[in-house]
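User: I am new to this structure. Please take me through the terms and what they rest on.
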Protein chains: 2
Amino acid sequence: MLLYVDLTDGRPVYQQLRDQVVEGIATGAIAEGERLPTIRQLAADLAINFHTVARAYDLLRQEGFVQVGRRNGASICVRGEAASPEWRAALRTTLAHAYAKGMASEEILRICREILATFQKGGTSSETTLA
Amino acid sequence: MLLYVDLTDGRPVYQQLRDQVVEGIATGAIAEGERLPTIRQLAADLAINFHTVARAYDLLRQEGFVQVGRRNGASICVRGEAASPEWRAALRTTLAHAYAKGMASEEILRICREILATFQKGGTSSETTLA
DNA sequence: GCGAAAGATCTATAACAGATATAACAATTG
DNA sequence: CAATTGTTATATCTGTTATAGATCTTTCGC
């Protein structure tokens, strides 16, 4: 799957990579058991330090999205609970943002459905993430 | 409205305060036109530096949630668009997290509805311009 | 109007996080 | 075995977060 780094984005690089992989799993761009590039390879491709990639992979492992082999690169291996308290809190804050701005619940839900439709069941696996 | 600081939370204090105010607007805990504590007062109450509170208020002002008077403290004053590209991206990442963990779209939407149900119903008089 | 209170601004500092750069080690693949 | 890869460790640099104190300006209550 295609991974990239947006230097204009204020968020940390390891967080950007983490989000791209999670969205890649959701859209089906990368499936269970498939491999990500090796740490050193991805670091070379993106022209960043391999520690930064290692940190992203380590975060994905801690969150239960991948397992990191000794020489095989990281492979997708989803495990653990879906709805953690932290996840619910983040979702609540995001929904509150739109609601506080005056958006109706029905409109918010419509956008949620729209986004969910771009995931695995909705579209083909050739979906790409947008900036 | 009651504001607090969680030192065990890894997120920045100014971000915690910002999120609490946004959720407070959504739930109706604080309404349009109502005032937040003054910067110095809130800093004293929470035993934190007033610069940190000032940063939270400034962020809320930039995001279009409050206006900061010269002596009155900050008052709720919502303006601007609800669904920015950044907001949609954050929502997409959060939804992808649950979807990638195997949660069904219907279950995700159910939780969204559950959260939205805890927000303010109907809205105040200045909620919408259309009848 | 006067003075106190509050926001705004500025500088300084300490602690922490993010990212880079090397180096060395362990394990596994071919 | 040898090369590749993940892991670990150290060091450095930068930016962010938070605190601290000082000063200025505005504005509200008296």
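Analyst: Start with a term. A polar contact is a pair of N or O atoms within 3.5 Å; within protein, one must be able to donate a hydrogen and the other to accept it, and residues adjacent in sequence count only if both atoms are side-chain atoms. Now apply it: a backbone N or O atom of Val13(A) lies 2.5 Å from a phosphate oxygen of DNA strand C. This is a predicted model, in which local features need pLDDT of at least 70 and side-chain atom pairs pLDDT 80 or more, while totals for chains, interfaces and linings use all residues; side-chain values use heavy atoms, without hydrogens and water. Residues are numbered from 1 along each chain as its sequence is written, chains are lettered from A and ligands numbered from 1 in the order in which they are written.

User: What makes a residue count as near DNA strand C, and which come closest?

Analyst: A residue is near a strand if one of its heavy atoms lies within 4 Å of it. By that rule 22 residues surround DNA strand C, and Val13(A), His51(A), Arg55(A), Arg40(B) and Arg71(B) are the closest. Of the strand atoms within 4 Å of the protein, sugar and phosphate account for 62%.

User: Which atoms of DNA strand C do Arg40(B) and His51(B) approach?

Analyst: Base nitrogens. An N or O atom in the side chain of Arg40(B) is 2.3 Å from one. For His51(B), a polar side-chain atom lies 2.9 Å from a base nitrogen.

User: Which helix gives the largest share of the surface near DNA strand C?

Analyst: Helix 3 of chain A, with four residues. Helices here are DSSP runs (H or I, at least four residues), numbered from the N terminus.

User: And what comes nearest to DNA strand D?

Analyst: Arg40(A), Arg71(A), Val13(B), His51(B) and Arg55(B), out of 22 residues around that strand. The side chain of Arg40(A) has an N or O atom 2.3 Å from a base nitrogen. His51(B) puts a polar side-chain atom 2.6 Å from a base oxygen of DNA strand D. Ile39(A) uses its backbone: a polar atom there is 3.1 Å from a phosphate oxygen. Helix 3 of chain B gives the most to this surface, four residues.

User: How do you know how much area is buried between chain A and chain B?

Analyst: Buried area is the accessible area (1.4 Å probe) that two parts lose on being put together, summed over both. For chain A and chain B that is about 4500 Å², with 67% from carbon and sulfur atoms. On the side of chain A, Trp87(A), Arg92(A) and Lys101(A) lose the most area, together 16% of what that side buries.

User: Why is the pair Glu23(A) and Arg92(B) called a salt bridge?

Analyst: A salt bridge needs a side-chain nitrogen of Lys or Arg within 4 Å of a carboxyl oxygen of Asp or Glu. Glu23(A) and Arg92(B) meet at 2.8 Å, N to O, so the pair qualifies. Between the two chains the count is four salt bridges.

User: How do you know that the copies meet through the same surface?

Analyst: Contact means heavy atoms within 4.5 Å. It takes 46 residues from chain A and 45 residues from chain B. Of the interface residues of chain A, 96% are also interface residues in chain B, so the copies meet through the same surface.

User: What makes the relation of chain A to chain B a two-fold axis?

Analyst: Copies are superposed by least squares on the C-alpha atoms of residues with pLDDT of at least 70 in both. A turn of 180° and a shift of 0.0 Å along the axis lay chain A on chain B with an RMSD of 0.1 Å. That is the relation of a two-fold axis.

Note on methods:
Helix = DSSP H or I, 4+ residues; strand = E, 2+ residues; numbered from the N terminus.
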